[in-house]
2 protein chains.
Amino acid sequence: MKDDLNREADGSGLDLHQFLTFRLARVQAKLNAQATRILREVAGLSLTQWRIIALIGNASGDGPTRSADLTRAAEFDKGQFSRKLKTLVETGLVVAQVDERDNRVQLLSLSDAGQALFDRTWPTMQARQAALRATITAEERDALISALDKLEAASERTEFAP
Amino acid sequence: MKDDLNREADGSGLDLHQFLTFRLARVQAKLNAQATRILREVAGLSLTQWRIIALIGNASGDGPTRSADLTRAAEFDKGQFSRKLKTLVETGLVVAQVDERDNRVQLLSLSDAGQALFDRTWPTMQARQAALRATITAEERDALISALDKLEAASERTEFAP
DNA sequence: ACAAGAACGTTGATTGGTCAACTAATCTGC
DNA sequence: GCAGATTAGTTGACCAATCAACGTTCTTGT
């Protein structure tokens, strides 16, 4: 029994660990925590705040961007987007103006401060992505991406429920 | 400009999609939603409730299991575990008794109802895992597991933060 | 034996994520 | 042009996840 407890305690013998989704969730949570920690240190931002700034900063090749385009592209919940955006506008990092052609839409752009913050943090986060990619081989990366595609497709099927 | 918006709207051109973490998070969220939906249909349980039941049901090869062993093995937050466990005890699916040898620890076991529910849902969830695994090739699975191991290790490093 | 420290579990607070209802504005077909 | 359907964004409600603080109980070192 003691052996059994140890087998569970070290986390390697539990049946749940054979579950792919379990491993995925754990790794994703840790990567998330890492990104959160980095952003708190270098920018004082939460991950979601930064994601919104990154979306705007990346999309603003030519002029302001529509909120709905960002939420759709990133599959971001529009409710949460609306709330987080509000704080970013209040802190002066993002500028939102109503589209004169369509009074429903918000045209978003980074303020000078927001752009500066984006310019400063974007390379850092890109470097992290590169560092993460560098930890796995090219074959693993290709297989990982392919596997993620297939798992994502499978996650949208309904046949698994009896 | 219109082309640019479309490029973003269809979700394939945005730089963020090259981020591995982005893909991981999306896939994980969808798998999570799928599991949640299945469990709601077949058992009326939330995913976290079921995970606790599954942990207890799996670990109870010989006798009741200690709470702390489960939270450690599954890297489950003990605060959340405590709260969710409380609801499971209240609904009569889990039995918790104080260890007479150590009055701090809770010894957990499934009630008859809990065991019946576990016996009924465990094959379903295992079948889902098998179905998910079947969507990817053996090479992809090995690479995926290996990549997850490496990414998990990388997520615990601090060198990425400047 | 006893003080310092660690482990167990509870609770509170904060944030993230999801879903649904709702208002306001625009588009569509007739 | 006008009624009905769509779309944009806000708000409320709820659950999951993480962190910190705390009381209680055991363990350890001296």
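**Exercise 1.** In this predicted model, find how many residues of chain A are in contact with chain B, and work out which helix of chain A gives the most to that side.

*Solution.* Start with the count: 62 residues of chain A are in contact with 63 residues of chain B. Next, go through the helices of chain A. At least two residues each come from H1 (2-9), H2 (20-42), H3 (47-59), H4 (67-74), H6 (112-134) and H7 (138-155). Among these, H2(A) gives the most, with 16 residues. Finally, sort the touching side of chain A by class: 31 residues are nonpolar, 19 are charged and 12 are polar.

**Exercise 2.** Describe the surface near DNA strand C: which residues are the closest, and which element gives the largest share?

*Solution.* Begin with the strand itself, which 22 residues surround. From chain A, the closest are Ser46(A) and Gly79(A); from chain B, they are Ala68(B), Gly79(B) and Ser82(B). Now look at the elements that supply two or more residues: chain A offers H3 and H5 (78-90), while chain B offers H2 (20-42), H4 (67-74) and H5 (78-90). The largest share, 5 residues, belongs to H5(B). By class, you should arrive at 9 polar, 7 charged and 6 nonpolar residues.

**Exercise 3.** Locate the largest nonpolar core, then list what Ile56(B) touches beyond four places away in sequence.

*Solution.* The core has 66 residues, and the most contacts inside it belong to Ile53(A), Ile56(A), Ile53(B) and Ile56(B). H2(A) gives the most to this core, with 8 residues. Now zoom in on Ile56(B): leaving out residues up to four places away in sequence, Ile56(B) touches Thr65(B), Leu70(B), Val94(B), Leu108(B), Ser109(B) and Leu110(B).

Definitions and conventions:
Residues numbered from 1 in each chain as written. Chains lettered and ligands numbered in written order. Predicted model: local features only at pLDDT ≥ 70, side-chain atom pairs only at ≥ 80, totals over all residues. Contact = placed C-beta atoms within 7 Å. Helix = DSSP H or I, 4+ residues; strand = E, 2+ residues; numbered from the N terminus. Nonpolar A, V, L, I, M, F, W, Y, C, P; charged D, E, K, R; others polar. Near = placed C-beta within 6 Å. Core = buried A, V, L, I, M, F, W, Y, C linked by C-beta atoms within 7 Å. Buried ≥ 20, exposed ≤ 12 C-beta atoms within 10 Å, placed from the backbone.
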